[in-house]
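Colleague: I should like to learn how to read the features of a protein model. May we go through one together?

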Amino acid sequence: FPVTIESDELGFASALWTVLDAHITAAAAGICLLNFGTGPIRGFAVTLLIGIVVTVYTAYYVSDLLFELYMEKTDGKALSI
C-alpha cells in the first residue's frame, strides 16, 4: 500500500519520541559528568552532549527531509522494503 502524507507524518511524530527516549539516559549521564567531573572528564561530557544533540537532529530532521525528497522524486510510490 502506498505511503500517504498522514501516515509518514504520524510515523515521524512517533519516531521523535523514540529517538529522544533513546538519548535521554546518555544526556543525563553527560550532565552528571559535566557537573561532577574535572578536567578531561568535563571535556568528554561536553563532547558527549554535543554528539547527542547532533545525533537527535540528524536522526529525526535530516531523515525526514531525505524521505520527503524521495517521496517527491518518486511521486509517492510505495517503498519496497
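Colleague: To begin with a single residue, in which helix is the place of L66?

Modeller: Please bear in mind that this is a predicted model. L66 belongs to helix α2, which covers residues 40-73.

Colleague: How many helices and how many strands are there in the protein?

Modeller: The protein has two helices and zero strands. Helix α1 spans residues 5-36 and includes G11. Helix α2 holds T55 and Y61.

Colleague: How does one read accessibility, and is L66 buried or exposed?

Modeller: A residue is called buried under 20% relative accessible area, exposed over 50%, and partly exposed in between. L66 has a relative accessible area of 53%, and it is therefore exposed. T55, at 38%, is partly exposed, and G11, at 33%, is also partly exposed.

Colleague: What percentage of the residues of the protein count as buried?

Modeller: Of its 81 residues, 16% are counted as buried. The accessible surface of the protein is about 6100 Å², and carbon and sulfur atoms account for 72% of that surface.

Colleague: Which residues make the nonpolar surface patch?

Modeller: The patch is formed by Y57, Y61, V62, L65, L66 and L69, and its area is about 600 Å². Thus L66, the exposed residue discussed above, is one of its members.

Colleague: Two tyrosines appear in that list. How many aromatic pairs does the structure hold?

Modeller: There are two aromatic pairs in the structure. In one of them, Y57 and Y61 have ring centres 5.5 Å apart and planes at 35°, an arrangement classed as tilted.

Colleague: Why are Y57 and Y61 separated by about one helical turn?

Modeller: The reason lies in their spacing: Y57 and Y61 are about one helical turn from each other because they are four residues apart in helix α2.

Colleague: What kind of pair do the rings of Y60 and Y61 form?

Modeller: The general idea is to look at the angle between the ring planes, since planes over 60 degrees apart count as edge-to-face. The planes of Y60 and Y61 stand at 85°, with ring centres 4.7 Å apart, so this pair is edge-to-face. Y57, Y60 and Y61 together form one aromatic cluster.

Colleague: Within that cluster, is Y60 buried or exposed?

Modeller: Y60 has a relative accessible area of 12%, and so it is buried. Y61, by contrast, is partly exposed, with a value of 45%.

Colleague: How should one read separation in sequence against distance in space, and how far apart are Y61 and F12?

Modeller: One sets the two values side by side. Y61 and F12 are 49 residues apart in sequence, and their C-alpha atoms are 9.0 Å apart in space. For G11 and D64, the sequence separation is 53 residues and the C-alpha to C-alpha distance is 10.0 Å. T55 and H23 are 32 residues apart in sequence, with 8.9 Å from C-alpha to C-alpha.

Colleague: What share of the contacts with a separation of 6 or more comes from residues 24 or more positions apart?

Modeller: Such residues account for 55% of those contacts in the protein.

Conventions
Residues are numbered from 1 along each chain as its sequence is written. This is a predicted model: local features need pLDDT of at least 70, side-chain atom pairs count only at pLDDT 80 or more; totals for chains, interfaces and linings use all residues. Side-chain values use heavy atoms; hydrogens and water are left out. Patches are made of residues with over 30% relative accessible area and no salt bridge: like charges are joined within 9 Å, nonpolar side chains (Val, Leu, Ile, Met, Phe, Trp, Tyr) within 5 Å. Accessible areas come from the Shrake-Rupley method with a 1.4 Å probe; for residues, only the protein chains shown count as cover. A salt bridge is a side-chain nitrogen of Lys or Arg within 4 Å of a carboxyl oxygen of Asp or Glu. Buried means under 20% relative accessible area, exposed over 50%, partly exposed in between (1.4 Å probe, protein chains only). Contact means heavy atoms within 4.5 Å. Rings of Phe, Tyr and Trp (its six-membered ring) pair if their centres lie within 6.5 Å; planes under 30 degrees apart count as stacked, over 60 as edge-to-face and the rest as tilted.
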